[in-house]
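Visitor: I'm new here. Please give me a close look at the salt bridges.

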Amino acid sequence: MLKQRTWVAVAAVVVGFQLLGMCNLFALAMLDPLDFLALQSIRKGLEDLPGSNFFASWDFTSDPCNFAGVYCDSDKVLALNLGDPRAGSPGLTGHLDDAIGKLSALVEFTVVPGRIIGTLPQTLSQLKNLRFLAVSRNFISGEIPATLGQLRVLQTLDLSYNQLTGGIPRSIGTVPALSNVILCHNRLSGTVPPFLSQTLTRLDLKHNDLSGSISPSSLPPSLQYLSLSWNRLSGTVDRALTRMNRLNYLDLSMNRFSGYIPGRVFTFPITNLQLQRNSFTGPVQPPSQVSIKTVDLSFNRLSGQISPLFSTVQNLYLNNNRFIGHVPATLVDRLLAANIQILYLQHNYLTGIEINPTASIPLSSSLCLQYNCMVPPVQTPCPLKAGKQKTRPTAQCVEWKG
């Protein structure tokens with residue numbers, strides 16, 4: 001009965017177009033009437049930004065399956081990609097209409113960067129076949145609907161670069177098919193919920209206001225990309241990290257993590273290890289020669305001697321810690337051979353380095369030694385934020401050594 005009434009509504013729309021031919025009537029009849037009306041409502045809520053002509057093809061006197069961004073199978077809309085995907089497109093403005101939930105067969109829904117405002121429609125939870133949801137780089141506000149956890153076949157959730165607030169619903173972590181969760185650059189708060197999906201490979205939560213600790217069981221060992229930087233997360237991470245052996249990207253910087261850094265981290269097949277600006281403590285002991293290109297452990301509370309196993313790192317940031325002793329000769333040799341490009345050791349408690357004062361540092365390399373418990377044997381340019389003091393006060397060195 002409902003479908004009959006909907007067909008009446010579609011017929012009323014058709015009558016309004018006096019010049020509509022029989023071919024167009026047949027085209028309209030090809031699309032499910034609920035989908036047809038849903039597309040009309042979605043269109044009314046959005047406009048092209050100046051310079052965009054995405055909606056130029058959205059003429060409802062013709063077959064909607066030929067509209068830009070609309071992909072159909074038989075009489076149902078399977079994919080809706082709103083906005084011109086080409087780089088530099090101005091995008092769309094307006095809001096997302098609740099009618100999106102009427103596209104019952106929808107598998108993919110994306111929105112290109114633009115100036116869409118308002119909240120995410122609660123009706124998204126009605127799209128039981130949805131596998132790909134990406135509404136990024138707009139001005140979406142409000143909270144992430146907890147009902148998104150009802151999308152049990154969802155594989156990718158990308159709501160990055162918006163103005164979302166509130167917490168990450170625990171229900172999202174229970175979706176069994178998730179492989180990509182990208183919620184970075186929002187204003188999300190609260191804790192990181194457990195993610196139960198054993199197929200989750202990418203978790204990007206950077207640049208939010210998340211807090212609390214990370215439970216060892218919250219992050220599945222299937223993760224290959226993990227970014228939690230620029231939050232207020234705390235507690236230890238050694239138990240969580242030791243469960244992972246597939247990571248190829250790891251960034252935990254700009255948080256309040258504490259405890260020691262497990263040696264296994266330095267064996268991950270990654271090119272960039274970002275652990276700076278936390279409160280990690282204790283010695284750093286890689287189990288083998290480190291093959292990671294860039295290792296940044298700066299601005300922590302790490303102590304002990306610097307391991308010679310770091311000599312194969314190209315960009316090594318150990319500054320602003322509590323390292324003691326001599327700089328390993330292998331690091332000096334590789335620096336002078338231009339195999340190390342950046343070696344930042346400033347603001348520690350180092351007491352010596354075997355380097356000839358007349359040694360020539362390669363132009364492609366940078367060495368900073370200032371503010372340690374020694375007079376730097378070579379004068380090299382350091383970052384401005386390292387300050388002007390060349391040597392740490394003797395009283396501090398005696399106290400630390402004692």
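Guide: First, a bit of vocabulary: buried means under 20% relative accessible area, exposed means over 50%, and partly exposed is in between (1.4 Å probe, protein chains only). A salt bridge is a side-chain nitrogen of Lys or Arg within 4 Å of a carboxyl oxygen of Asp or Glu. This is a predicted model, in which local features need pLDDT of at least 70, side-chain atom pairs count only at pLDDT 80 or more, and totals for chains, interfaces and linings use all residues. Residues are numbered from 1 along each chain as its sequence is written, and side-chain values use heavy atoms, with hydrogens and water left out.

Now, the structure holds 7 salt bridges. Start with R86, which pairs with D84, their closest N and O atoms sitting 2.6 Å apart. R86 counts as exposed because its relative accessibility is 59%. Its partner D84, on the other hand, is buried, because its relative accessible area is 16%.

Next, find D204, which has salt bridges with R202 and with K206. On the R202 side, the N to O distance is 4.0 Å. R202 is partly exposed, because its relative accessible area is 27%, while D204 has just 2% and so is buried. On the K206 side, N and O are 2.7 Å apart, and here both K206 and D204 are buried.

Finally, look at D32, D35 and K76: salt bridges that share partners join them into one network.
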